[in-house]
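Let's take a walk through this structure together. Have the sequence and the model open beside you as you read.

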Amino acid sequence: HQRYLSRVRRFGRGDARTRQARREMVKARTERRASYHQLVLAKGPVRRGLLLDSRYAIFNHRAFLERLFGTFRGERVPANYSMAVIDIDYLRRINRVGGHPVGDEAIEEICKLAVRDVAARLGGVAGKLGGDELEVFAPVGKTELKRVLDRIQQRFNDYYNEYGLRFSFSAGVAGKADLDATHKRDFSSPQARIEALYELADIAESRAKKRGKARTVEYRPKR
């Protein structure tokens with residue numbers, strides 16, 4: 001989404017690479033929707049197998065979506081909430097210097113911290129989006145979630161590995177207030193609300209990367 005909007009601003013909608021970026025954006029959105037419908041139809045052991053990333057002891061993206069749909073369809077929708085997209089910095093360099101086992105250590109450590117500090121302590125949910133990306137949701141405002149992620153960042157920085165590599169991540173946070181301030185879209189369905197919240201958090205995460213990485217950035221609309 002962010003890549004597509006960036007190319008539209010720079011090159012216009014008719015540019016070949018802009019059209020390709022749009023196709024990729026639409027494909028990603030379609031895959032997210034397909035994941036949800038697959039969860040709705042699955043039952044029993046098949047359903048349980050779709051929910052867990054057993055390697056890193058964290059929900060996979062499908063399970064994360066299911067939890068969020070349950071939250072927004074329930075009778076007790078939290079008064080406030082926020083979502084963050086987390087991306088480990090320089091994972092390719094970590095894999096190159098220390099090998100893939102060290103890269104796996106980094107992923108495992110950030111998953112553990114996210115599950116403990118966001119899912120367990122805040123009553124939220126954490127999931128593995130894929131590769132080196134995570135997603136978290138919590139029934140708190142985005143400023144509170146950012147404070148928690150800043151503490152996780154410090155612990156992640158201090159994680160010891162035999163190669164002396166410094167682990168860090170970039171994250172973007174968006175909250176309910178950001179959706180309430182967006183008047184151009186209909187958020188009556190849980191799916192529309194979740195997708196929009198993810199897109200805003202993803203925009204903020206891209207800004208964190210551009211500002212030097214190793215930080216969490218709250219979403220702010222461009223003026």
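Leaving aside its neighbours within four places in sequence, which residues is L149 in contact with? They are A84, I86, F169, A171, V173 and T216. Keep in mind as you look at them that this is a predicted model.

L149 is a good way into the nonpolar core. The largest such core has 31 residues, and L149 is among the five that touch the most other members, together with V136, L145, I152 and F156. Several elements feed this core: β3, α5, α6, β5 (133–138), α7 and β6 (169–175) each supply at least two residues. The largest share, nine residues, comes from α6. Another core lies apart from this one; it has 22 residues, including L65, Y81, M83 and A196.

Now turn to α6 itself. Does its length agree or disagree with what is expected of a helix? Helix α6 covers residues 100–122, and at 1.5 Å a residue its 23 residues should span 33 Å. The C-alpha atoms at its ends are 31 Å apart, so the two values agree. The helix does bend, by about 25 degrees at V115. Along α6, the buried residues are V102, G103, A106, I107, E109, I110, C111, L113, A114, D117, V118 and L122. As you read that list, it helps to recall that an α-helix has 3.6 residues a turn, so residues three or four places apart point the same way. Just after α6 comes G123, with a positive phi near 75 degrees.

D117, one of the buried residues of α6, also brings us to the charged side chains. Salt bridges that share partners join D117 with R116, R121 and R155 into one network. Counting throughout the model gives 12 salt bridges.

Which residue forms a salt bridge with D89? The partner is K209, with the closest N and O atoms 2.9 Å apart. This pair links distant parts of the chain, 120 residues apart: D89 sits in the loop between β3 (82–88) and α5 (91–98), while K209 belongs to helix α9 (residues 190–210). D89 counts as buried because its relative accessibility is 1%, whereas K209, at 21%, counts as partly exposed.

A second pair is D178 and K142, whose closest N and O atoms are 3.0 Å apart. D178 lies in helix α8 (residues 176–180) and K142 in helix α7 (residues 142–157), so this salt bridge ties together parts that are 36 residues apart in sequence. D178 is buried, with a relative accessible area of 9%, and K142 counts as buried too, at 13%.

E218 and R220 form another salt bridge, with 3.4 Å between the closest N and O atoms. Here E218 counts as buried at 14% relative accessibility, while R220 is partly exposed at 47%.

Finally, go back to helix α9, where E205 is found. Why does E205 have no salt bridge? A salt bridge here needs a side-chain nitrogen of Lys or Arg within 4 Å of a carboxyl oxygen of Asp or Glu. The nearest side chain of opposite charge to the buried E205 is K209, 4.4 Å away, so the pair falls outside that cut-off. Not counting residues up to four places away in sequence, E205 touches V85, D87, E133, S170, A171 and G172. One of these, A171, is also in contact with L149, where our walk began.

Methods:
Residues are numbered from 1 along each chain as its sequence is written. This is a predicted model: local features need pLDDT of at least 70, side-chain atom pairs count only at pLDDT 80 or more; totals for chains, interfaces and linings use all residues. Side-chain values use heavy atoms; hydrogens and water are left out. Helices (H or I, at least four residues) and strands (E, at least two) are DSSP runs, numbered from the N terminus. Buried means under 20% relative accessible area, exposed over 50%, partly exposed in between (1.4 Å probe, protein chains only). The expected span of a helix is 1.5 Å times one less than its number of residues. The bend at a residue is the angle between axes fitted to the seven residues ending there and the seven starting there. A nonpolar core is a set of buried Ala, Val, Leu, Ile, Met, Phe, Trp, Tyr and Cys residues joined through side-chain atoms within 4.5 Å. Contact means heavy atoms within 4.5 Å. Lys and Arg count as positive and Asp and Glu as negative; His and the chain ends are not counted.
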